[in-house]
Structures are given as structure tokens and as C-alpha cells.
Amino acid sequence: MRAVARTARVRERLAKAKNVMVITGAGISAESGVPTFRDARGLWKEFNPLDYATHDAFERDPVRVWKWYDQRRVNMAQARPNPAHRALAAMQRPGRRVFIVTQNVDDLHEQAGSKEVVHIHGSLWRIRCERDGTVLENREAPLSELPPTCMCGEVMRPDIVWFGEELPRQPVERILHYLLEGGIDLCLVIGTEATFGYIVQWALQAREAGAMVVDVNPRDTGLGSIVDVHLRGKAGDVLPKLLQETEPEVS
Ligand code: APR
């Protein structure tokens, strides 16, 4: 099926959709100038995740880890939502729910106006104390104190899920509750390799709840055969096209 026909098929599904699930990864922020991880110029091509994104790395050298995250915060502070984030925000309307699950630690979805955004890997703008559980929002870029320390004296960590760590319980429960409610018309999986099994599992559960699963990515991903339609391209080009024609008001 040609790309135009595939886009038309998804646009028609969206026009009638009352409940859209979206799962995003680093690729949706790529056009905002935020590096991905596993692309040709991704972060993990330049940095070994074992030196920066594990608890052991932080225990070994918190200053080295914080310098790396601080540089990401400085870069992220310059980033703005791109047409892909804005298209998702524009999909929200009376009678249509758009529920976004993101692996991203930026807040570009929220900046674009998306209302329901669940972060499963934490936030670049939050820091956490492992001793007394303090969690603070901190948007200094660069940090005024590196590494940041808690009132209790402990060095604070990025409130980001590192390799080998559990996903945060509350966001996962929100996702499972949403999936159990069922009645999902469309599941857009955007800008992710779908490396992690839970991403594939949630897309599969959305499909079982009635969703057409659409992969928005310039290349094939780990989603494999659960994809109904692959819109091959950049999210910033593909997503606005789904909204292009005037849509019949959702009744
Ligand atoms: N539009 C859509 N997709 C894009 C674009 C774009 N403009 N640019 C790149 N992509 C795609 C790539 O083809 C790739 O499939 O985005 C995907 C990015 O994959 P990864 O770099 O692996 O990022 P992600 O899937 O979000 O990684 C998941 O892994 O390292 C951890 O915690 C980190 O949250 C991250 C998680």
C-alpha cells in the first residue's frame, strides 16, 4: 500500500477515534534538537550507558554522572516542541481522549499542550534523595550546585529510571488502569525502537482493546508484526498530515 493510502487510512481512523493511546520515544524530540539514544548519532553511540545511566555508575562517580546530566539539561532548556508534539496536542478535543505514555524525560509534550502525559522513565527536571525520599523540581541549567545535595546532607540523584531499575509504580498503574478500561481506537507508537518489552506489551494490549497500531518511524522497530500500519518518516512530517483535512466533529 502506498504511503499516501496508508496515511489516509490512519487519518480516517483518527477522525472517528474517541480514544487514542500514544507511546513516544526519543525520536519524537529529535526534530527539537534532542539527541536520541540508538540512532547513528545517538547518545549511546558516544557514551557508554554503563558509565552514566546505572546506579553503580552514580555510586562510583556522582560528579561525572551529574556533569553528563547537567549538559543534557542545558541542551534540553533550549529545546522547544516541534510539529509532532503540537500535532498530538491538537488531536485532543471534546469527545476524544489522547493518553500519552512517554519514555522521554523532557517535558515537550506538556509544553505543546498535551494534557494526559505519563512519564515512565522519570524527568530530567526532577532530582531525588535516596536517603530521605525528597523529590524536588529543579530547572537550573546549569545546576548551581553540582552534585546537588539534600537538606539531609545526602547527594541527590536525577529522578530518572536507570538501566536495571524498576519502573515507577504509580505511572505503570495509571497505564495498566487505562488499558483495562479498554475501548481504544488507535495506538500511535512514535519515535521509539521499542527496545523494552513493556513498550511492545502495552501496544499489544492496546491492539487487544480494539486499537489500530500505527508505528511512526523512519525505520522498522522492535514492534514487528503487531503493527497494522507503518507510517515511514519523521514524526514532524507524518503527524500533522493526520490532522490535515477538516475532520468530521467527533459525535
Ligand atoms: N521521527 C520519528 N522517529 C524518529 C525520528 C523522527 N524525526 N528520528 C529518529 N527516530 C526514531 C529512530 O529510528 C529510532 O527508532 O526514534 C527511535 C529512537 O530510538 P532510541 O534512540 O532507542 O530511543 P527510545 O526508543 O526512546 O529509547 C528508549 O532507552 O536508553 C533508554 O531511557 C532511554 O528512554 C530511553 C529508552
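Reader: In this predicted model, at what angle do helix α6 (residues 83-91) and helix α10 (residues 235-243) pack, and how far apart are their axes?
Author: The two helices pack against each other in the predicted model. The angle between α6 and α10 is about 25°. Their axes are 7 Å apart.

Reader: Are α6 and α10 roughly parallel or roughly antiparallel to each other?
Author: Take the angle of about 25°. Angles under 35 degrees count as roughly parallel. Therefore α6 and α10 are roughly parallel.

Reader: Which residues of α6 and α10 make the contact?
Author: From α6 come Pro83, Ala84, Ala87, Leu88, Ala90 and Met91. From α10 come Ala235, Gly236, Leu239, Pro240, Leu242 and Leu243.

Reader: How many nonpolar, polar and charged residues does the contact of α6 with α10 have?
Author: Gly counts as polar here, and Gly236 of α10 is part of the contact. Charged residues are absent. The split is eleven nonpolar, one polar and no charged.

Reader: Is the crossing of α6 and α10 left-handed or right-handed, and what about α1 and α10?
Author: The crossing of α6 and α10 is left-handed. Helix α1 passes α10 in a crossing that is right-handed.

Reader: Is α1 roughly parallel or oblique to α10?
Author: The axes of α1 and α10 come within 8 Å. They cross at roughly 55°. Angles under 35 degrees count as roughly parallel, and 65 to 115 as roughly perpendicular. The angle falls between those ranges, so α1 to α10 is oblique.

Reader: Which residues meet where α1 and α10 touch, and how do they divide by class?
Author: α1 brings Thr7, Val10, Arg11 and Leu14. α10 brings Lys241, Leu242 and Leu243. By class, they are four nonpolar, one polar and two charged.

Reader: How many residues are in the largest nonpolar core, and which have the most contacts inside it?
Author: Nonpolar side chains tend to be buried together in soluble globular proteins. Here the largest nonpolar core has 26 residues. Those with the most contacts inside it are Val10, Leu88, Met91, Leu188, Ile190, Val214 and Leu239.

Reader: Which element gives the largest share of this core?
Author: Several elements give two or more residues, including α1 (3-16), β1 (19-24), α6, β8 (212-216) and α10. The largest share is five residues. It comes from α10.

Reader: Which residues does Val10 touch, not counting residues up to four places away in sequence?
Author: Val10 is one of the core residues with the most contacts. Val10 is also among the α1 residues that meet α10. With residues up to four places away in sequence left out, Val10 touches Leu186, Leu188, Met212, Val214, Val229, Leu231 and Leu242.

Reader: Is Trp202 buried or exposed?
Author: Trp202 sits in helix α9 (residues 197-208). Its relative accessibility is 4%. Buried means under 20%. So Trp202 counts as buried.

Reader: Which residues is Trp202 in contact with, leaving aside its neighbours within four places in sequence?
Author: One partner is Leu179, 23 residues apart from Trp202 in sequence. The two are 7.8 Å apart in space, C-alpha to C-alpha. The full list is Met21, Ile23, Val101, Ile120, Leu167, Val172, Ile175, Leu176 and Leu179.

Reader: How do helix α8 (residues 169-181) and α9 lie, roughly parallel or oblique?
Author: Their axes come within 10 Å and cross at roughly 20°. Angles under 35 degrees count as roughly parallel. That makes α8 and α9 roughly parallel.

Reader: Which residues make the contact of α8 with α9, and how do they divide by class?
Author: α8 supplies Val172, Ile175, Leu176 and Leu179. α9 supplies Trp202, Gln205 and Ala206. The division is six nonpolar, one polar and no charged.

Reader: Which peptide bonds are cis in the loop between β5 (135-137) and β6 (157-160)?
Author: Most peptide bonds are trans. Pro142 and Pro147 both lie in this loop. Omega is near 10° for the bond from Ala141 to Pro142, and about 5° for the bond that joins Leu146 and Pro147. The cis bonds are Ala141 to Pro142 and Leu146 to Pro147.

Reader: What is phi of Ala194, in the loop between β7 and α9?
Author: Most residues other than glycine have a negative phi. Ala194 is buried, with a relative accessible area of 6%. Its phi is positive, near 55°.

Conventions
Residues numbered from 1 in each chain as written. Predicted model: local features only at pLDDT ≥ 70, side-chain atom pairs only at ≥ 80, totals over all residues. Heavy atoms only, no water. Axes fitted to C-alpha atoms, helices over the stretch in contact; angles between N-to-C directions. Helix = DSSP H or I, 4+ residues; strand = E, 2+ residues; numbered from the N terminus. Parallel < 35°, antiparallel > 145°, perpendicular 65-115°, else oblique. Left-handed = near helix turned anticlockwise from the far one by under 90°. Contact = heavy atoms within 4.5 Å. Core = buried A, V, L, I, M, F, W, Y, C linked by side-chain atoms within 4.5 Å. Buried < 20%, exposed > 50% of the residue type's maximum accessible area, 1.4 Å probe, protein only.
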